[in-house]
Amino acid sequence: MKGQLLKTALILGALSSIVTAEETAFTTAHFSGSGNCTMCHNGMSDQAGNDMSIEKAWSSTMMANSTKDPFWRAKVRTEINRNAHLEEVLNDKCTKCHAPMANTEAKFSGHTVKVFDDGFLNSHNTYHDAALNGVSCTACHQIKDNGTLGTLEGMSGNYEIDGSRTIYGQYSDVFANPMINNVDYTIQHGAHMDQSKMCASCHNLKTPYVDEEGNVLSTTPESEFPEQMPYSEWEHSDYKDKQSCQECHMKKVDGVPISTRPRWIEPKNGFAQHIFVGGNKLLLDILDKNKAALDVTSNNFTATIAKSDEMLKGAASIELLNHSLQNGTLEITLKINSTTGHKLPTSFPSRRAFIHLKVTDQSGNTVFESGKINSNGSIVGVDADSDRSSYEPHYDLITSADQVQVYESIMQNNLGEVTYTLLRGMNYLKDNRILPAGFNKATAHSDIKVHGNANSDSNFVGGSDTITYRISGLTDTQYAIDTELLYQTLAYSWAQDLFSDDSSEVAAFKGMFESSTMKTSQIASAHTTVSGSGTTPTLPECSDGLDNDGDGLVDMEDAGCSDLNDNDEYNAPPAAKACSDGIDNDNDGLIDMDDTGCSDTDDDDESNPATPTVVLSEGFENGLGNWIVTGNGTLWTTHTNDPYEGVYSAYVNRTRADRPTYMERAIDLSGYSDATMTYHRRLKGLDSADDFSAEYYDGSWHYLEHLGSNNENGDYVAKTHSIPTTATKIRFMCETSGKGEKCYVDTLQIIAE
């Protein structure tokens, strides 16, 4: 078989002879590719003639394309880049469930488990076919019910597949010989194939977490970070006794023969369709639109995307409980009702749902809008979308357009900061994802508890969230209210954090993501109109027909009015300037233009000499602006990590050895005779291989200071340097080689006389 030949080739080191394309009809010691299942399990139909083909339905799911998923590839690459010393851990953890056959087979053979470079995604790797076949037929159907399914021990990819070549199925009365004869597997009944605990093997995932230096802080499986826990959420809900995972995600149909061979097989009831439908329209669209680039072969995505849209629209509803308009204040109370068996949105923390509510007047003008979506996927008013170090809180009452109800989980690192790096996730700052019915947040285990304001919100309960919008200052007597619950697989802030990595996997995914039209999907919507009493608008003083300042002039006849919207009719005479007020303001015996301190009659400072001029003041609060960044490795940027003053500082972290980065800008000191430059800088972790410098340019570069070799490590240091007025540029240089070695610059100022 092909898999055995590939294994022999790897052992002999003859990599150049290995084929370069995915082959779905591969076989290995334990697994058989999906292509080998099509002879009997495609071409099936129910009694109404509907196509029930197993492999066809599966081929366009996220399960089938779990290793072709470009978001997964990009995220794994960034996690490795950020904690390269844990690459082995990441390779194993991420392939247990995204490439289970390759992971399992490689371990059985004593070979390396690896994703990139010469790893599973390389077409010359022995396990390439098994990897690209994703979560395939003989992976799931060989998982044993060994007593650990549904427990912590059996979660996070810790399923058991032995060498018995036993296939477990949902039916007990099956004819085993065709499978034995054709693919050398023996089928037997496995009750666990119909039970939610089977799904917990991969869909409950706990991961280790590290500190800012890359040290692993978690010590036991119990203490690891609960990255995805839908099984535990389901188990803590009413759905545990009503509906399994399979009943929702593998819709059952009666009257389906489970194989086309032998032809006399009787139809069976309760056949679980292998559609594995979820809500991930974004990635399904990307897989469909980029088949050649991602080695995707299925042509069934249109049907799967339609089923995903149907599932999303059945995940929740919006109920308008009450609304009123009194004295210009509109109040709307709505309720989000979940019909989902786990938190919504589920699993991976990049996902978010949010409420978009818009109020329009009788002319169609928007008078209030919360949750407006931009074309790039960002949401107007959401804190995280403008500043990734922050996040939008949970609300019970919304009164302004920059408040948005976002249902999401926000990861927290060991320093209490927002993080988008999975290995830095220690806890959640916020988790207000909509709870399934019956979920008691007071008794929930720490792995699935509610975090943030929602925990104390009495209107945020199992199965629903009730939220009120209060909008004031409305003048009309009737308004239309449109509200919708929207969903995103990849939140804007998550995307921007990912795109900050310069790897080829990230660049590839970025292009695919930005061209997708399915970044945002609608779950539910509601519409109503409300009538009542508006406010009487108060006109500005300059258009109210009154002489407000008592000078005999009304509205625009008054010199105090600049336009009709001006609300101050008073026109105060301008105060005389110091250089034209007839007073010796600086007590030097000279008045007004006789004083050498006066440049003209509008000069308001008689003192001499004039106050030194601030030529440049830079706190980096609005980015790098006019600074030009050059160099290699990690470049200078602005960051909220430990500024000296304000929110941001200029910052660079680990440029890597022999890769200096420069931050440079032009200055103009012409006309001055003396200049001084001050700034605060902090150097953290610099050793003998590292450098920092501040320099000026007047035809050639000159050091103001040049440090390295463990100098000045620790807190911010204030620096003051005289610079010649012939200088035309300044710059800062940082070169660091190790993790955690950083340079900061803040509160820069140049003063000249």
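A disulfide is a pair of cysteine sulfur atoms within 2.5 Å. The model discussed here is predicted.

**Disulfides**

The structure holds four disulfides. Counting bonded cysteines along the chain, their pattern is 1-2, 3-4, 5-6, 7-8. Three of the links are tabulated below, among them the bond between Cys542 and Cys561.

| Pair | S to S distance | S-S torsion |
|---|---|---|
| Cys97 and Cys202 | 2.0 Å | about -90 degrees |
| Cys542 and Cys561 | 2.0 Å | about -90 degrees |
| Cys579 and Cys598 | 1.9 Å | -90 degrees |

The torsion about the S-S bond of Cys542 and Cys561 is about -90 degrees, so this disulfide is left-handed. Both Cys542 and Cys561 lie in the loop between strand S17 (521–531) and S18, and the bond therefore ties together parts that are 19 residues apart in sequence. Cys542 is buried, with a relative accessible area of 0%, and Cys561 is buried at 9%.

For Cys97 and Cys202, the torsion of about -90 degrees likewise makes the disulfide left-handed. Cys97 belongs to helix H5 (residues 87–98) and Cys202 to helix H10 (residues 196–203), so the bond ties together parts that are 105 residues apart in sequence. Cys97 counts as buried at 17% relative accessibility; Cys202, at 24%, counts as partly exposed.

The link of Cys579 and Cys598 is also left-handed. Each of these two cysteines is in the loop between S17 and S18, with their positions 19 residues apart. Both Cys579 and Cys598 are buried.

**Cysteines outside the disulfides**

Cys199 takes part in no disulfide, and the nearest cysteine sulfur, that of Cys245, is 4.2 Å away. Because the cut-off for a disulfide is 2.5 Å, that distance of 4.2 Å does not qualify. Cys199 is partly exposed, with a relative accessible area of 23%. Cys248 is in no disulfide either; for this residue the nearest cysteine sulfur is again that of Cys245, at 8.3 Å. Cys248 is partly exposed at 32%.

**Aromatic contacts**

The structure holds 19 aromatic pairs. In one of them, the ring centres of Trp627 and Phe732 are 6.2 Å apart and the planes meet at 45 degrees, so the pair is tilted. Trp627 is in the loop between strand S18 (613–618) and strand S19 (628–631), while Phe732 is in strand S27 (residues 729–735), 105 residues apart. Trp627 is buried at 5% relative accessibility, and Phe732 is buried at 0%.

Ring pairs also join Phe71, Phe348, Tyr420, Trp494, Phe499, Phe509 and Phe513 into a cluster. Over the face of Phe513 lies Lys519, 5.4 Å from the ring centre. Elsewhere, the charged end of Arg731 sits over the ring of Trp701, at 4.0 Å from its centre.

Conventions. Residues are numbered from 1 along each chain as its sequence is written. This is a predicted model: local features need pLDDT of at least 70, side-chain atom pairs count only at pLDDT 80 or more; totals for chains, interfaces and linings use all residues. Side-chain values use heavy atoms; hydrogens and water are left out. Rings of Phe, Tyr and Trp (its six-membered ring) pair if their centres lie within 6.5 Å; planes under 30 degrees apart count as stacked, over 60 as edge-to-face and the rest as tilted. Helices (H or I, at least four residues) and strands (E, at least two) are DSSP runs, numbered from the N terminus. Buried means under 20% relative accessible area, exposed over 50%, partly exposed in between (1.4 Å probe, protein chains only). A charge sits over a ring if NZ of Lys or CZ of Arg is within 6 Å of the ring centre and within 35 degrees of the ring normal.
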